[in-house]
Structures are given as C-alpha cells and as structure tokens.
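Visitor: I'd like a close look at one part of this model. Could you walk me through a single helix and what packs against it?

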Amino acid sequence: MRCPATPPPAALLDAPPSERPLAVTETLRDPCPDKTRGDLEYDRLLEALAARCVSEMGKALARELPFAATRAETRRLADEAREAASLLDGGEPLPVVALGDVSGAVGRVGAAGVLAPAEIRDLGKALAAARALRRFLGARRSRIPALHAACTTDPTLDALADELAEAFDPDGTLSDRASPRLKELRGEFHAARQRMLSRLEDLMSKYEAILQDRFVTEREGRYVVPVRSDAHERFPGIVHATSASGATLFVEPRAVIPMGNRLKVLEAEVQREEQAIYATLSERIGESLPSVVAALDALARADVRAATARLARDLHLTFPEITDEARLELQKARHPLLLLDSADDAGEVRHDAVVPSDLAIAARRAMVVSGPNAGGKTVALKTMGLVALMARAGLPVPCADGSVVGIFEVVLTDVGDDQSLTKSLSTFSAHVQNLARILDDTSPGALVLLDELAGGTDPREGEALAAGMLDSLTARGGAVVVTTHYEGLKALALADDRFENASMGFDLPTMSPTFRLAAGVPGSSSALAVARRFGLPGTVIERAERFLSREDVHFETVVKKLNDERAALELARADADRREREADAVRRALDAELRAAKDREQRHLTKEAEALLAAVRRAREELREAQAKLRAKKLDAALVKEAQLAVDRVAGQVAVGGALDPSLLATPAPLSPPAPSASLKKGARVWVARVRAEGDVLELLPDGAVRVQAGPLKLVVDPSELRAIAPQEPDRRKAAAPAKPGGDPAGLEVAVQTNDNTCDLRGLRTDDALSMAVSFLDRSINDERRVCFLLHGHGTGALKEAIRRELKSSPYVRYFRAGNPGEGGDGVTIAWLS
C-alpha cells in the first residue's frame, strides 16, 4: 500500500494490522499465497495467458505475472491492458514478434563472456523488434500514454541494432563487412583454396589411370583424392584414410602438402578474426547492457499486454471500475476457467455455456451462500477470488460493464480437502489449521473465501464455530464469503446487519440447480430432493423426511416460500424486460418506417425537381430559337431582351422542386430568423425556403428582390423567403491566400527558398507546367521537404490559376499562398506539404 504524504502518528504504527488505516502501509502484500493459488487454480489462468504470447520471454513473464505493488500501479497496469485491447479492437495490435529466450546470453554478457553467433543474432533481432515497438508507440503516444510509458525503449540502441544486423548475412553467417581484416583473410583463403584445387585437377589428369574416381574430398581436414589400393605406391603422397572395403585409399598428394598447410594457417587466422569480432560485438552489447535489458523487458511486457488483449477478446472480458475500497460489485460475473473449458474444437469460447451471476461483497461484511450441492456455490466463491486477483495483476475480468472491483491486499481461501496421512491431519483438523492461519492474516483489505465453513464435525458445534469465525473475521475488517448448509448461519444472516444471505437457485420441477445466485434470501440444501434425483429409493427418502424435526420442516417451508416469491419476482422482471424489448422493437420499426417515408418523399421531390428543371431547360432552348428567329426579322433588340428576362423570371418561379443534387434537399443546419436586408450581400450563403436548399446571393435587385442560385437553378425571391446560415470555417489547408504582414499560420515551417525546393515553370505550356509541378511535389514528399516554391511568373494569369487549382485539390498540400514582395510576389506560389 502507499505511504501517506506525511509520516503517520506513532500510535497508528503501533496499532495491530486490523486497526490501521489502509493508507499507512507502504506497499500492498502479495495477494496470492500458495494455498490461494492452488485453491483457485490461478496458474491455469496464467497458462491461458501464456498460450497467447508469441515470444518465449513473454510466455515466461505471463506464467509468473507479477501483481501490482501499489494502488497506483494497479491502475497503471489496467490502463496498459485497456489500451492494448483498444488497439486490437481498432485493427492495429501491438507489433510483437516471436523471439527466443535470450536471458542466458544476457547473463553471459553481464559476466564479460563472449556470445555465440546465434545468440548475437537473436539479440540483434530483439533490438530491431524494440525499435519497431518504440516507433509504433511513439506514433500513437497521445492515444496510448500508459503503454508508451511502460514499453518505450532507449533510441540509442538503434545504432547497436544496425551494427549487429550489418555483421551477419541473411543466411546467418558472419559477413565480410564485419571487419576489413576478415574480408582480406577470407579472400586469401579462397584464392589459396582455388589454387590448390586447380593443382589437384592437374594431378588427377596426370594420374587418372590409378585413381578410383575423379573427385576431391576432405579427410582429417586435408584435401585428398581416391587412389586404388593396389596402385598407391605409384602415387606420391600421404594416406589419410581408407574406404570401408579397403579398395580405396584417400591420399593427399605430396605436391599440394605445402598448399594444404597454408590453407590450414589461413583457416585458423579466419577463425581467430571471427572470434575477435564476436568478442567485440559482445563487448558492444555489454556497454549498453542496462538499456538492452530494459528493451527485452519492454518486449516481454508488450507481448503480455497483446496476449491480454487477445484473452479479453476470446473470453469477452471487460475492464471494471477500480476503487481503493475493499469491495466487489460484479455484474453478470462468469468463472474464467469455465469459459476456457467451454471452448469447442476450433477454440471458440461458448460464452453462453457459463451461467452469469451478480456478486457483491464489502469490507467488514460477510455473505452466507447456501443452496443445493453441485448448485454452483463454490464456483461463485472462486469467481470472486479470481476477479480480485486479476484486477491486482492488471487483467480484465469476466464481468459485464458497470462492475466495480476494489483493490484487495490479499485473498485468503479454504476450499477443498487438505487431509494428509503423512502429517496425521484429518479433513476437519486440516480445515481448522487453515482457519487459524486465515484468522491471523485477516486485516482490512483482505478477501476471505471459505467453502463449507466448519464442516466435517458435529453439526451443532460446527455451526457455533462457523458463527464465531464469521464474527471474528468481519471484526478484523475482512470481506468474507462462505458457503454452508448450516441453518444457524442462514438464521444469523437474518438477524445481523453485517451478514447477508445469498442462495443458489434450484428448480424443483426439473430437480436441477439453476446456477444463478440470488442475494438476500437463504437457500435450501434440498438434500432429499438431490438424493431422489440421483436414484436413492423413495422409501429411504420417505423415512428420512419422518426423521426431520418440526423446526427443520418449518425452516425449509419458510425458505421455500421465500424462494417461490423470489421466483415470482424474477418472472415479473423477465416479463417487464420482455415488454421493454418489444416496445424497443416497435419504436425501432416506427423509426425505420419514418426514415423510409422521408426517403420516399425525398425521391419523389427529386423526380419532380428533375422534371421541372428539364421543362425549364426546354423553355430556354425554345427561347433561344425564338430569339434567333426574331433577330433574323430585324426586330427591336430591347424587346427581345425584355422578353428573355420575363421568361427567366417565370422559369425561376416555376422551379419549386429544387436542384438536381439530392444533397440540396437535406435538412439544413440550424437556421437563423429571416435574414435582414442589411445582412444580405453578394456572395452570402442563405437557405432558400421555396426550393428547400442552400444557395448563394447573386444580385440585390433595385426593387428589393434578391437573385439567388441554388445548385443549377437561378431564381428571384423575396428577402423574407431567405434564412441566414452560419458561415463555415474556411479550410486553411487548401485556401490560397495573399501574403500578410502577420506571417503564416502557426505550426508551419519557416519558408526559406533554396535551389532544391524551387521549381521554375516559367515559359512552359499549362499542361507541361502542371505535369512538372506534380512530379516536383512527389519528389519533395519522398525527400521529406516541407516547403516548395513554384515560380510561374505573372503573364496572363492562366498558369498561376491552374497551378493553384492543382494545389487546392492535392492531398499532399497542407497550405499555400502567394509570395511576399521579397519572395517574388504574386509570380511565386509557396506550398507547405503534409
């Protein structure tokens, strides 16, 4: 646990653990003693996590996954896992690679040893993977701050990674580039070997008659040729070996013995140089050993976080709210190991195969869980313990959203039978020994899970012992969950506010458990019903019922009544849920029908708009034809123009259907009241109520009317039909602007013209200039230039406009403007690239 900001009073430090505030202890305890680990089968969960890791280092870390030592670290681990899961859900999982275990190599480097070539290569691959991980995290730092802080590595290791990679060829052999001396020695060796092979070829041609075959091989590190055993005296040389049959002798010709000696000397020199290189590389790794170890730890941690994300996806795990209080509020909790066991042959987890339950417990309180055997009491117990441990390890939990998990210092369990013949421990004595240990270890922040508390002895004494244990454990601040068949404990929970009953359901008609936990009511053990279900004769059951006391029968009757009422409430709640779902379905259907009706209306209006626009176009075409005929007859041009204006005005009034573009019929942004005449000006953006579309003001007419253009339609309207629209923020990336004294927008690189970032387009045709400008921009992107100067001159302005239109549509251009007077003025366009 965390230390407070100021030293605690001495009285608090002297107090027993059960009376100390949580903040006094410096760090949290290990929450998982060996007994707890075995009872809850926690290692099985870690093995499932390790199976989803890809590197040996990650698997090793997952199998020994450490728990958070402080409350802050608990939250930090959860944040790392949550960010890894979000990356996986977003289709960009953490970049982890399969790496071998290099811990032995790191140990030898730490002891000033020389690594083997394979170990050096493995460390080089690990450092390259660390670089890739660092760049991945750095590019997403704002989204995954916890992972970036936990798994980033030393960037100075990049040079070492390059050096190690450069030292080896792709096939894993030491490269000639590793040192100039190695390249020289290998060259001498290959040349000497080639000379000797040429000499051997000459000798084989000369002595071909006494050779067994025509080839050169090696024996005892020397080059030999196969000579017939009956003719070896005629072949001068040294015999190094014979064939299995004895018919062939492998002889090193005397003429090449000096050459072979030279080869052996060169080979030894090559090996010495290679060992010197391995020693140098090992020394280089040793110089950066702390950073190398940190990088390997980061890779293992990232592998575990990626495996955690995959486990969360496979088991439908969620990230609960983490609180400092020692309490659990689990919604629809499922046992994670049962989820793993439900996987089919393809590895797909059957999530619906495990019945969920709502589970809750808090410090200084106890939950008494009762119900039939094999009804799921122990499963609920273990689920709560595993959830508490998973939260301390930074793992997501098998619960629904909205769950709350407190940070428990320790989880103490007594589940199962610990009898031991070698230690002379019976079932009950082993149980009592565990209870004594648990009682000593219980303090605020402890979660205590006891299965069949004080069972295996006289029922009356066991019941009294169980009640005493519950009282002591809650008084020491523990959050306690017990399973029991004792009626006295069930009654105790009805009389003491510190205790709460809970029961596992049992379906009497089918004589089977429901595996659902119901809080607030005790459960019947249903021992006789279970015995009947598993085949015990009915006569035995009837005799047993006669032996039940009146109190037992009365208690069972009360419990049955409570269970019946609870079942009725569950049915009512299920019916209410069903009605709510039906209402939601009806509401969704009505919403869909409303959307469909709006779509039909929009399509209808679009068709009408197309028809009206076509009619207007035909009318204008007829007007042009009539105008041509009138001109041919030499009529007054003023009358012709007046007639054309009248037709245009009528056409604008007829076109009520709107524009051809369906987007113009969409619902506008929130509109202001009718635009005042003073705010209307040429170029203003308005909503034209008549055609239900946005438009631009083209002209303010003398009579007060306004000529607007909505899509392809131009019409004259009254100002009362117009609504003002809030102006949109201009796109600064694409809007060409003249140079201003205030400078360029914030965040842009200072524009400094050089020969490399300048493209002269003057004197070129427009098409050629555009092609040259686009190619120049592509080269600039590849060369990582951020600013480009395009010289197009003044001229007629056609080239300038074409260049700026191209820049406006280019996805690579962040912002552009005309040059300042000192930069070439309007004859230069300066572009900043993305």
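**Around helix 12**

Guide: Let's start with handedness: where helix 7 passes helix 12, the crossing is left-handed. Keep in mind that this is a predicted model. On the helix 7 side, the residues making the contact are Leu-123, Ala-126, Leu-127, Ala-129, Ala-130 and Leu-133. They meet Val-292, Ala-295, Leu-296, Ala-298, Leu-299 and Ala-302 of helix 12. Sort that contact by class and you get 12 nonpolar residues, with no polar and no charged ones.

Now the geometry. Helix 7 covers residues 117–139, and its axis sits 10 Å from that of helix 12, at a packing angle of about 65°. Angles of 65 to 115 degrees count as roughly perpendicular, so helix 7 is roughly perpendicular to helix 12.

Helix 12 itself runs over residues 289–315, and it has another partner to look at: helix 4, residues 56–63. The axes of helix 4 and helix 12 come within 8 Å and cross at roughly 70°. That angle makes helix 4 roughly perpendicular to helix 12 as well. Check the handedness here too: helix 4 passes helix 12 in a right-handed crossing, whereas the crossing of helix 7 with helix 12 is left-handed.

As for who touches whom, helix 4 brings Met-57, Gly-58, Leu-61 and Ala-62. Across from them, helix 12 offers Leu-296, Leu-299, Ala-300, Arg-301, Asp-303 and Val-304. The class count for this contact is 7 nonpolar, 1 polar and 2 charged residues. Gly counts as polar in this scheme, so Gly-58 is the polar one. The charged pair is Arg-301 and Asp-303, both on the helix 12 side.

If you want two residues to click on, try Leu-296 and Leu-299. Both are listed in the contact with helix 7, and both turn up again in the contact with helix 4. Ala-302 is among the helix 12 residues that meet helix 7, while Asp-303 and Val-304 are among those that meet helix 4.

So, to put the picture together: helix 12 is crossed roughly perpendicularly by helix 7 and by helix 4. The helix 7 contact has 12 nonpolar residues and nothing polar or charged, and the helix 4 contact includes 1 polar and 2 charged residues along with its 7 nonpolar ones.

Note on methods. Residues numbered from 1 in each chain as written. Predicted model: local features only at pLDDT ≥ 70, side-chain atom pairs only at ≥ 80, totals over all residues. Heavy atoms only, no water. Axes fitted to C-alpha atoms, helices over the stretch in contact; angles between N-to-C directions. Helix = DSSP H or I, 4+ residues; strand = E, 2+ residues; numbered from the N terminus. Parallel < 35°, antiparallel > 145°, perpendicular 65-115°, else oblique. Left-handed = near helix turned anticlockwise from the far one by under 90°. Contact = heavy atoms within 4.5 Å.
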